[in-house]
Amino acid sequence: MLRRQHLLLLAVLVPSLLAGCTAGPSQRPAVIENDQQSPTATSASPRPVPLPPLAEPQSPSIAWSDCDRQIRARLEPPAVPPSLRFTCAEAASVLDAPDLPGRVRTRIALTKVGDGPVPLIVLNDVEGESGGLFAAHLAASLPAPLLQRFSLIGVDRRGTGDSDPVSCVPSDIRGQLLNHDPAAPDVDGLLDAARKAGQQCAIELGSGQQALDSGRTAGDLEEIRDQLGVPQLNVIARGEASGVVIAYANRFPTQVGRVVLDGLRDPSGDPATVLGDLVTAQQATLDAFGADCAARGCALNQDATAAVTALLQQLRSAPAMLPGGANFGPGAALNAIIAGLAQRARWPELADAIHAAQGGDPARLAAFLGALLNGSQVAPSRFDGAMATECNDTATRMPADQITTLTGRLRQRSPLFGGLATQRLVWCLPWPGRTGALPSLGVPGLPPVLVTSTATDPVTPEPGTIRAAQQMSSAVRVGWQGTGHGALASPCVGEAVRAFLADGKVPSDGTLCPA
């Protein structure tokens with residue numbers, strides 16, 4: 001655990017290939033050609049870069065040991081088949097923190113799933129389950145033949161999971177940040193809690209406070225690639241973690257192997273556009289959840305918006321208490337609901353949890369937020385490392401009065417989710433501003449990069465993913481017309497990913513997979 005002694009040791013698609021997939025129109029602008037060549041035009045376009053060949057490790061320095069029981073004990077639903085076995089290891093990387101003397105090392109935890117000969121790195125959103133746990137769930141959902149060619153290597157990003165973790169936000173302040181009422185008229189109380197969190201992290205982390213970002217995590221990946229003994233990095237990254245791979249491509253373009261990015265953050269510089277798309281996607285996901293609930297005959301019926309709105313009002317009138325005395329109000333409830341909406345496989349569980357909370361028992365709903373809200377020596381809260389990473393990766397700071405104005409506009413677009421969307425802007429206000437430029441999406445000379453998107457994604461909305469992919473010269477996109485965070489649960493998308501990674505078959509840009 002990080003201590004205040006500055007030892008931040010965190011450390012076009014073939015029909016026989018994709019049954020059920022249909023090719024849709026490309027989202028890229030049409031190219032208009034002139035029948036007369038411009039005097040300054042070149043006669044040939046840059047030659048496309050082929051996918052690198054797959055290579056097995058040569059002289060790896062990482063030692064693996066059995067950790068099957070430990071990983072299974074920490075897995076959230078859904079269950080993982082017993083046929084999958086887990087081994088764990090550690091890799092050493094350089095902290096690379098500003099003003100720290102020498103090359104302070106950080107410990108990065110790795111989890112391997114399967115025995116395929118080619119390593120495939122797996123990264124997850126920094127706020128989600130650790131890379132190792134995500135790799136376990138991913139191995140259970142991807143086509144089985146993929147594991148005959150690859151072993152999945154889940155990486156717990158610096159400051160998270162079993163890597164040297166960040167634990168700098170007091171538990172009561174963490175609760176205030178996550179439980180701030182999205183209907184509050186201003187952000188004063190939230191900003192006060194954010195200041196306390198930032199001050200404490202500055203004390204605990206010292207110079208290492210700004211060592212938690214996607215660029216330095218990309219350095220960890222290069223250390224891992226070298227220690228695995230492979231010439232290029234093959235990787236799957238979901239959501240916000242795609243930014244780590246973009247940073248890696250900026251720093252180490254010749255080491256980029258076969259890359260799948262499952263959702264991308266919106267590169268737009270306008271928070272109103274980014275957050276407007278986010279609240280629209282969250283509302284659409286809730287509507288889909290309600291329709292699914294009605295089809296199953298669950299207690300909430302189809303109008304999930306009415307049910308959630310009523311629950312939040314109930315918690316405003318009489319906040320619930322969790323075991324241990326923690327307050328569970330409307331902010332925590334809505335954060336928990338969004339976390340549940342992102343996990344399509346857990347929708348029945350989420351419906352039951354909302355119904356129980358309506359009856360005065362919030363424990364099952366709070367469990368969707370538990371890994372962020374709570375922390376221990378064995379399983380530190382995910383919140384601290386996530387907040388540090390996201391704030392360090394954010395280039396701008398919006399003044400509080402502008403955040404209040406934007407919140408009002410978003411509430412008009414989504415009365416339920418508009419007030420929550422801007423809260424993270426407040427969290428980062430007291431955090432040191434980013435000094436370096438953000439990594440560029442337009443890295444030249446890369447091999448094809450497979451980008452997948454989900455039509456209704458409450459975490460990385462599809463419009464933002466499309467905008468990001470359009471800025472990547474080598475990106476090809478496969479869109480899943482489904483709901484939830486990430487498209488890899490789709491069998492159609494999964495087969496496209498398998499063919500791309502294992503067989504080197506690049507799908508047609510704009511391919512659509514049915515829900």
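Which helix holds Asn179? Asn179 is found in helix 4, which covers residues 171-179. The views below come from a predicted model.

**View 1. Asn179 is a buried residue of helix 4.**
The helix spans residues 171-179. Asn179 has a relative accessibility of 15%. Buried means under 20%, so Asn179 counts as buried.

**View 2. Asn179 meets a stretch of chain far along the sequence.**
Asn179 and Pro330 are 151 residues apart along the chain. Their C-alpha atoms are separated by 6.7 Å. Leaving aside residues up to four places away in sequence, Asn179 touches Asn327, Phe328, Gly329, Pro330, Gly331 and Ala332. One of these, Pro330, belongs to helix 10, which covers residues 330-342.

**View 3. The side chain of Asn179 reaches the backbone of Gly329.**
The backbone atom it reaches is the nitrogen of Gly329. The distance is 3.0 Å. Gly329 is also among the residues that Asn179 touches.

**View 4. Helix 10 packs with helix 11.**
Helix 10 holds residues 330-342, and helix 11 holds residues 347-358. Their axes lie 8 Å apart, at an angle of about 160 degrees. Angles over 145 degrees count as roughly antiparallel, so helix 10 is roughly antiparallel to helix 11. The crossing of helix 10 past helix 11 is left-handed.

**View 5. Residues from helix 10 and helix 11 make the contact.**
Helix 10 supplies Ile337, Gly340 and Leu341. Helix 11 supplies Trp347, Leu350 and Ile354. Sorted by class, the contact has five nonpolar residues and one polar residue. No charged residues take part.

Terms used. Residues are numbered from 1 along each chain as its sequence is written. This is a predicted model: local features need pLDDT of at least 70, side-chain atom pairs count only at pLDDT 80 or more; totals for chains, interfaces and linings use all residues. Side-chain values use heavy atoms; hydrogens and water are left out. Helices (H or I, at least four residues) and strands (E, at least two) are DSSP runs, numbered from the N terminus. Buried means under 20% relative accessible area, exposed over 50%, partly exposed in between (1.4 Å probe, protein chains only). Contact means heavy atoms within 4.5 Å. A polar contact is a pair of N or O atoms within 3.5 Å; within protein, one must be able to donate a hydrogen and the other to accept it, and residues adjacent in sequence count only if both atoms are side-chain atoms. Axes are lines fitted to C-alpha atoms, for helices over the stretch in contact, and angles run from 0 to 180 degrees between N-to-C directions. Angles under 35 degrees count as roughly parallel, over 145 as roughly antiparallel, 65 to 115 as roughly perpendicular and the rest as oblique. A crossing is left-handed if the near helix is turned anticlockwise from the far one by less than a right angle, and right-handed if clockwise. Ala, Val, Leu, Ile, Met, Phe, Trp, Tyr, Cys and Pro count as nonpolar, Asp, Glu, Lys and Arg as charged, and the others, Gly among them, as polar.
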